[in-house]
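Welcome, and please load the model in your viewer. We will go from stop to stop, with a selection to make at each one.

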Amino acid sequence: MVASRTPLMAGNWKMNMNHLQAIAFVQKLAWTLKDAEHDYDKVEVAVFPPFTDIRSVQTLVSTDKLKIGFGAQDCSQHDSGAYTGETSAEFLAALDTKYVLVGHSERRTLHNETDEICQAKVTAALRHGLIPVLCVGETLEQREASDDPASIAVAQLRKGLENLPADAEIVIAYEPVWAIGTGKVATAAQAQEVCHAIRVELATLLGDERAAGIRILYGGSVKPDNVASIMREPDIDGALVGGASLNIDDFSSIVRYTQHVGV
Ligand SMILES: O=C(CO)COP(=O)(O)O
């Protein structure tokens, strides 16, 4: 049985757009995709705004019955307590948040988030019904020093998914650090090589059937002119888009990648 993995195009806004700008952006994105007669059942769309925008995005999506999903860029490994500045997955779930990024490289490097912390955050997200998007990927130094660049992402995956509940819904995002924000997108072959290694490891950890149903996204300088070639690869089920997701025309073109020839 060929698993059906609905492609997911996700926009990680990082620290951009306040709640008013978020409302205007999501409204315009929805209108743009409606005008293009986008079929959300064929390609799912989600935005990942800053925490301060989530309530406003939730209210807009709910009021206007938009099919655009939304997620958070991080969550605490704790549910509540003396953790200044952290955000509980429980509180995000109370805002109808569907996804949460875990272990984005900017959190791993800028906030010293270890694989163990990522695993605890995956657990916290699942505890409150969120779908964790576990981000993995190698640095340029690791790629150049290794004869198996995929091994770094696979090791992060294995540690991040320790003690995963049998029925957990997860998404994996392969984001080579050297491609994030650099304009140096991985080639489709490079992305497929690592995403296939991730698929194989998922099968080892969770069994073939579950692995076949888990979506693996690619992230790192995804743009309208390179998304189609990436999406042609068999083990890539979508994109986690940074900079280009802040531009309506670029992100809607990425979402509508199937309009490009040959996909
Ligand atoms: O970090 C990313 C998405 O999470 C990728 O960012 P860019 O698309 O700007 O390279």
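Start by selecting Cys 75 and Cys 118: the sulfur of Cys 75 is 10 Å from that of Cys 118, its closest cysteine sulfur, which is too far for a bond. A disulfide here means a pair of cysteine sulfur atoms within 2.5 Å. Cys 75 is also buried, at a relative accessible area of 1%. Buried stands for under 20% relative accessible area, exposed for over 50%, and partly exposed for what falls in between, with a 1.4 Å probe and protein chains only.

Before moving on, note that this is a predicted model, in which local features need pLDDT of at least 70, side-chain atom pairs count only at pLDDT 80 or more, and totals for chains, interfaces and linings use all residues. Residues are numbered from 1 along each chain as its sequence is written, and side-chain values use heavy atoms, with hydrogens and water left out.

Next, pick Cys 195. Its sulfur is 12 Å from the closest cysteine sulfur, in Cys 135, again too far for a bond, and Cys 195 is buried at 0% relative accessibility. How many disulfides does the structure hold? Zero.

Keep Cys 195 selected and extend to helix H8, residues 188-206. Helices are DSSP runs of H or I with at least four residues, and strands are runs of E with at least two, numbered from the N terminus. The 19 residues of H8 reach 26 Å from first C-alpha to last, close to the 27 Å expected at 1.5 Å a residue; that expected span is 1.5 Å times one less than the number of residues. Colour the buried residues of H8, among them Ala 191, Val 194, Cys 195, Ile 198 and Leu 202. An α-helix has 3.6 residues a turn, so residues three or four places apart point the same way. Just after H8 comes Gly 207, with a positive phi near 100°.

Now show the ligand. 13 residues surround it, the closest being His 104, Glu 175, Gly 181, Ser 221 and Gly 243; a residue counts if one of its heavy atoms lies within 4 Å. Backbone N or O atoms of Gly 181 and Ser 221 each lie 2.7 Å from a ligand oxygen atom, and one of Gly 243 lies 2.8 Å from a ligand oxygen atom. The protein covers 96% of the 310 Å² of accessible area that the ligand has on its own (Shrake-Rupley method, 1.4 Å probe).

Last stop: Pro 50, in the loop between strand E2 (44-48) and helix H2 (51-63). Pro 50 is buried, with a relative accessible area of 14%. Add Met 15, which is 35 residues from Pro 50 in sequence but 6.0 Å away in space, C-alpha to C-alpha.

Notes: Polar contact = N/O pair within 3.5 Å; in protein donor to acceptor, adjacent residues only side chain to side chain.
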